[in-house]
Amino acid sequence: MAARSGHTLAEKVWEDHVVRRFEGEPDLLYIDMHLVHEVTSPQAFDGLRAAGRPVRRPDLTLATEDHNVPTIDINQPIADPVSRAQIDALRSNAEEFGVLLYPLGSVEQGIVHVVGPQLGITQPGMTIVCGDSHTSTHGAFGALAFGIGTSEVEHVLATQTLPLKPFKTMAITVDGVLPVGASAKDLILAIIAQIGTGGGQGHVIEYRGEAIRALSMEGRMTLCNMSIEAGARAGMIAPDDTTFEYVRGRPHAPAGADWDAAVAYWRTLVTDDDARFDTEVFIDATAVAPFVTWGTNPGQGLPLSAVVPSPDDAADDTARIGIEQALEYMDLVPGTPLRDIAIDTVFVGSCTNGRIEDLRAVAQILQGRHVADSVRMLIVPGSARVRLEAHAEGLDEIFTTAGAEWREAGCSMCLGMNPDKIAPGERSASTSNRNFEGRQGPGGRTHLVSPEVAAATAVLGHLAAPADL
Amino acid sequence: MEKFLIHTGTAAPLRRSNVDTDQIIPAEYLKRVTRTGFEDGLFKGWRNDPDFVLNRPEYQGVSVLVAGPDFGTGSSREHAVWALNDFGFKVVISSRFADIFRGNSGKAGLLTAAVDQSVVEELWAIIEADPAAAVTIDLQAQTITCVGMNASFDVDPYVRWRLLEGLDDIGITLRYAYEVAAYESARPSFKPTSAEPTAAR
Ligand code: SF4
């Protein structure tokens, strides 16, 4: 790879995938990997069938079942007819078009954004797409990864390319060291609270700075995952030794001479000193503390030590109405300390925080403690592999001894599309990524939290951090 | 996608403005797994009303919809276009279309012809007086003709070209199959595939 200058990481990955460029037309970008799940793919396959087109590169396509699957009794037929129809459609489409599918029950099944990285299929410098907005997760490896719509899914299946107009670039520089007790989840919630849910609109965010370099791959995935909640198309982190060590030895990682060639290329994937971003944001890591959301969008969050805000605090009328509506839906009174909010359901899981490191953090807090009587706690591994890893480390026993429910892999309570839902009026502390009205079930109220806060909350029955125990 | 050159058919007057995509097809239809067969969901909320224009016997078999301004606003669901296609519509005529709906239409082969509101009014008058009146939409000439009236319409030049050539997005990209193959042959060998790794590794 020739030396380049003046380019951001995102621009480099983009440039390396341009198949065709023509003045006045979008660039045609090559897609290195296309991840597929049951919800957004059926019409795309149907479109191919209608036009008599094959999947161009089944070997660059991978499917799994996640959104609709139950997390208990997984050997039973799926009860909900709509869910079952989507799963059945994926199975027959995968078979007909020769796409590898990891179905429910397979040891590689799981949330699509957990499966890719753990197989080593997610690697630096790739373009990765999926009909799912949280595809941004894979950007943690220095891949350009973003969600696409169903017609685009069909386009990628048929051509392994996408016509795209360039994204804008944004740098979020996080200087300093995260304090003890603050995690990647707290950091991203703090970032979204600062820049807003539309702050990243039209941009690819690159997270950089000392605090980012210090994060584990799991932490980086948590961060990039929620780029979409900041309005961005994708999030990226330049690959470094932490990245290479994570990828090395995984089933799909390059080996031998390929490994050396890959690492040599990956090392070029950094933003040049003379590159310019369209937008720059600076965050002080040392000020980040355990963070929770109080409202109905991911930008409505505050440090756990704060109180429920008042509509009177709003800068303008739109914000005031936003706060009023959120407080009404969430049934919260301004001035209430966030720590006083009682929680009846705790959910640990999702593509944001359903990886092994997240489960370890939870186990460490639950060890020797018990979930409060008033709380139902669900712990759902992001993939069947994560579940096995947790078993090997004895985490499952810690969870069940503490009184939590330990489930099979899937999206579970992250969205109300499968049997794991919260009931109307119930209030959850959830490690997932969206606190929209009804996201976890109609009428359900969601507070987004880190795994550590989720665990402490489960023990105490109200929003809490491990330091409160 | 079929080429669209010239279309002649009967037309239905939809005397409503701001018909959003929820009205074109409600959210419950988004759960389906097929790409076709959405005709039963089209204008679902109005289809039980015997007076609704598409329920009236004189407008059976129409292929042109003449709608009020701001047609296709709201959610970006592509199902709205599929439902119109599946019902048998080839052309929607309005004085203003929502951008995303218009983009989706062009991709799926449904012509959205933008005209002055006066043309819409004139067409309404004609097809209400004579539901059997044939409307001809000539994409090459960009004209609408119907019983003595003749008007021109607006369409994005790129969309017009695609419709005339019968090219959907995929069809266009497939024209560059050579470039794609050339790119593929130069891809580094270390890039992963999804194929199950062999035991050797
Ligand atoms: S875990 Fe939640 S956010 Fe992630 S893919 Fe599943 S439903 Fe989407």
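Student: What area is buried between chain A and chain B, and what percentage of it do carbon and sulfur atoms give?
Tutor: The model is predicted, and the complex carries an ipTM of 0.93 and a pTM of 0.91 from the predictor. The contact draws on 49 residues from chain A and 34 residues from chain B. The area buried between these two chains comes to about 3,500 Å², of which carbon and sulfur atoms give 56%.

Student: Which residues of chain A lose the most area to chain B?
Tutor: The area in question is part of the total of about 3,500 Å² buried between chain A and chain B. On the side of chain A, three residues together account for 17% of what that side buries, and they are A:Gln43, A:Arg53 and A:His252.

Student: How many salt bridges does the rule find across the interface of chain A and chain B?
Tutor: Side chains of opposite charge can pair when their charged atoms come close. One such pair joins B:Arg187 to A:Asp32, with the closest N and O atoms 2.8 Å apart, which lies inside the limit of 4 Å and therefore counts as a salt bridge. Across the interface of chain A and chain B, the number found is 6.

Student: Which element gives the most to the side of chain A that touches chain B?
Tutor: Besides salt bridges, the interface of chain A and chain B holds 22 residue pairs in polar contact. The elements that give two or more residues to the side of chain A include strand β1 (18-20), helix α2 (42-51), helix α5 (150-159) and helix α10 (257-266). The element that gives the most, with 6 residues, is α5(A).

Student: Why is the pair formed by the rings of A:Phe45 and A:Phe97 classed as it is?
Tutor: This pair belongs to a search of the whole structure that finds 18 aromatic pairs over all chains. The ring centres of A:Phe45 and A:Phe97 are 5.2 Å apart and their planes stand at 35°, an angle neither under 30 nor over 60 degrees. The pair links distant parts of the chain, with A:Phe45 in helix α2 and A:Phe97 in helix α3 of chain A, 52 residues apart. Because of that angle between the planes, the class is tilted.

Student: Where in chain A do the two partners of the salt bridge between A:Glu65 and A:Arg91 lie?
Tutor: Over all chains, the whole structure has 37 salt bridges, and in this one the side chains of A:Glu65 and A:Arg91 meet at 2.6 Å, N to O. The partners are 26 residues apart, with A:Glu65 in the loop between β4 and α3 and A:Arg91 in helix α3.

How values were computed: Residues are numbered from 1 along each chain as its sequence is written. Chains are lettered from A and ligands numbered from 1 in the order in which they are written. This is a predicted model: local features need pLDDT of at least 70, side-chain atom pairs count only at pLDDT 80 or more; totals for chains, interfaces and linings use all residues. Side-chain values use heavy atoms; hydrogens and water are left out. Contact means heavy atoms within 4.5 Å. Buried area is the accessible area (1.4 Å probe) that two parts lose on being put together, summed over both. A polar contact is a pair of N or O atoms within 3.5 Å; within protein, one must be able to donate a hydrogen and the other to accept it, and residues adjacent in sequence count only if both atoms are side-chain atoms. Helices (H or I, at least four residues) and strands (E, at least two) are DSSP runs, numbered from the N terminus. Rings of Phe, Tyr and Trp (its six-membered ring) pair if their centres lie within 6.5 Å; planes under 30 degrees apart count as stacked, over 60 as edge-to-face and the rest as tilted.
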